[in-house]
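This briefing goes through one protein chain, from its overall make-up to selected residues. The sequence and the model come first.

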Amino acid sequence: MSTTTTTTTTTTTTTTTTNKPPSHPTLIQVHRSPIPFASGAYSLVSLPAGSLFCPITGTTPSRKAYTSVQTGRDTHIELNSDLVYCNHSCAPTLDFDMARMEVRVVADRDLKAGDPLTFFYPSSEWEMDQPFQCTCGAGEKCRGVIDGAKKMEVAVLREYWLNPHIEEMVREREGV
């Protein structure tokens, strides 16, 4: 006579969500959404065009990833702050200056309290880790698929402020 023994193992996983305090409580209101990629950052302040919004601090080196920001030809960082909720827009409200490690209001219009905080991802990204179909709502100015500056026409890129490493790579690509 043969006996079969069955053993069942149950694994319980506990997920703890910690709500970190806001990194920029006087500047940024984060709207968190349960919908993937639908969270966003909104300005709590009004500032004139071209002014400093905030320095970029508390970063860590990273490999190229969906959440990283390119800081040089081959370097990326994680922002580790509420700035990570600043989404892409083809009509951005901010410039992320990775050479100076600061965020500025775009030069062509003022920032108003309540405005979404956005930047033009190809201004810092040569090739996106995860290209995406833009839904920024900028009308005819919307560029469609956003996959970095590498594949964009020079004439289109010239409509935006660009980080020095992107300017350099565009010049190399164009043979200038």
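The notes below cover the fold, the sheets, the main pocket and a few single residues.

The model is predicted. Its protein chain holds 2 helices and 12 strands, in the sequence pattern β-β-β-β-β-β-β-β-β-β-β-β-α-α. The topics are taken in turn.

**Chain as a whole**

- Of the 176 residues in the protein chain, 40% count as buried.
- The protein chain exposes about 10,600 Å², and carbon and sulfur atoms supply 52% of that area.
- Among contacts between residues at least 6 apart in sequence, 58% join residues at least 24 apart.

**Sheet β3-β9-β8**

- Three strands make up an open sheet in the order β3-β9-β8, and their pairing is antiparallel.
- The edges are β3 (52–55) and β8 (94–97); each has a single partner strand, so one side of each is left without a neighbour in the sheet.
- From one strand to the next, the twist of this β3-β9-β8 sheet averages 20°.
- Strand β9 covers residues 102–105, runs antiparallel to β3 and is joined to β3 by 3 bridges.
- One of the residue pairs here is P55 with E102, the latter being the bridge partner in β9.
- M101 lies in the loop between β8 and β9.
- The phi of M101 is near 55°, a positive value in a residue other than glycine.
- Most residues other than glycine have a negative phi.
- M101 counts as partly exposed because its relative accessibility is 25%, and the partly exposed class lies between the 20% and 50% cut-offs.

**Sheet β4-β6-β5**

- A further open sheet of 3 strands has the order β4-β6-β5, again with antiparallel pairing.
- Strands β4 (60–62) and β5 (69–72) stand at the edges with a single partner strand each, so each has one side without a neighbour in the sheet.
- The twist of this β4-β6-β5 sheet averages 50° from one strand to the next.
- Between β4 and β6 (residues 75–78), which run antiparallel, there are 3 bridges.
- Antiparallel strands β5 and β6 are also joined by 3 bridges, and they form a hairpin with 2 residues between them.
- Which residue of β6 is the bridge partner of S62? The partner is H76, and Q70 also stands opposite H76.
- The loop between β6 and β7 contains N80.
- N80 has a phi near 55°, which is positive in a residue other than glycine.
- With a relative accessible area of 42%, N80 is partly exposed.

**Largest pocket**

- The space in the largest pocket is about 750 Å³.
- Its lining consists of 39 residues, and those nearest the centre of the pocket are Y66, C86, N87, H88 and Y121.
- Four strands each supply at least two lining residues: β2 (40–43), β7 (87–88), β10 (118–119) and β11 (132–133).
- Strand β2 gives the most to the lining, with 3 residues.

**Residue E127**

- E127 is found in the loop between β10 and β11.
- Is E127 buried, exposed or partly exposed? E127 counts as partly exposed, at 35% relative accessibility.
- Leaving out residues up to four places away in sequence, E127 touches K64, Q70, D147, G148 and K150.
- The C-alpha atoms of E127 and G148 are 4.4 Å apart in space, while the two residues are 21 apart in sequence.
- Q70, one of the residues that E127 touches, is the residue that stands opposite H76 in β6.

**Residue L157**

- L157 lies in helix α1, which spans residues 154–157.
- L157 counts as buried because its relative accessibility is 0%, and buried means under 20%.
- Apart from neighbours within four places in sequence, L157 is in contact with F120, A149, M152, L162, V170 and R173.
- L157 and E167 are 10 residues apart along the chain, with 9.2 Å between their C-alpha atoms.

Notes
Residues numbered from 1 in each chain as written. Predicted model: local features only at pLDDT ≥ 70, side-chain atom pairs only at ≥ 80, totals over all residues. Heavy atoms only, no water. Pairing = 2+ DSSP bridges. Axes fitted to C-alpha atoms, helices over the stretch in contact; angles between N-to-C directions. Buried < 20%, exposed > 50% of the residue type's maximum accessible area, 1.4 Å probe, protein only. Contact = heavy atoms within 4.5 Å. Areas by Shrake-Rupley, 256 points an atom, 1.4 Å probe, with all protein chains shown as cover. 1 Å grid on protein atoms, 1.4 Å probe; cavity = no way out; pocket = protein on both sides within 12 Å on 5 of 7 lines; lining within 4 Å. Points joined across faces, edges and corners; volume = space filled by probe spheres on them.
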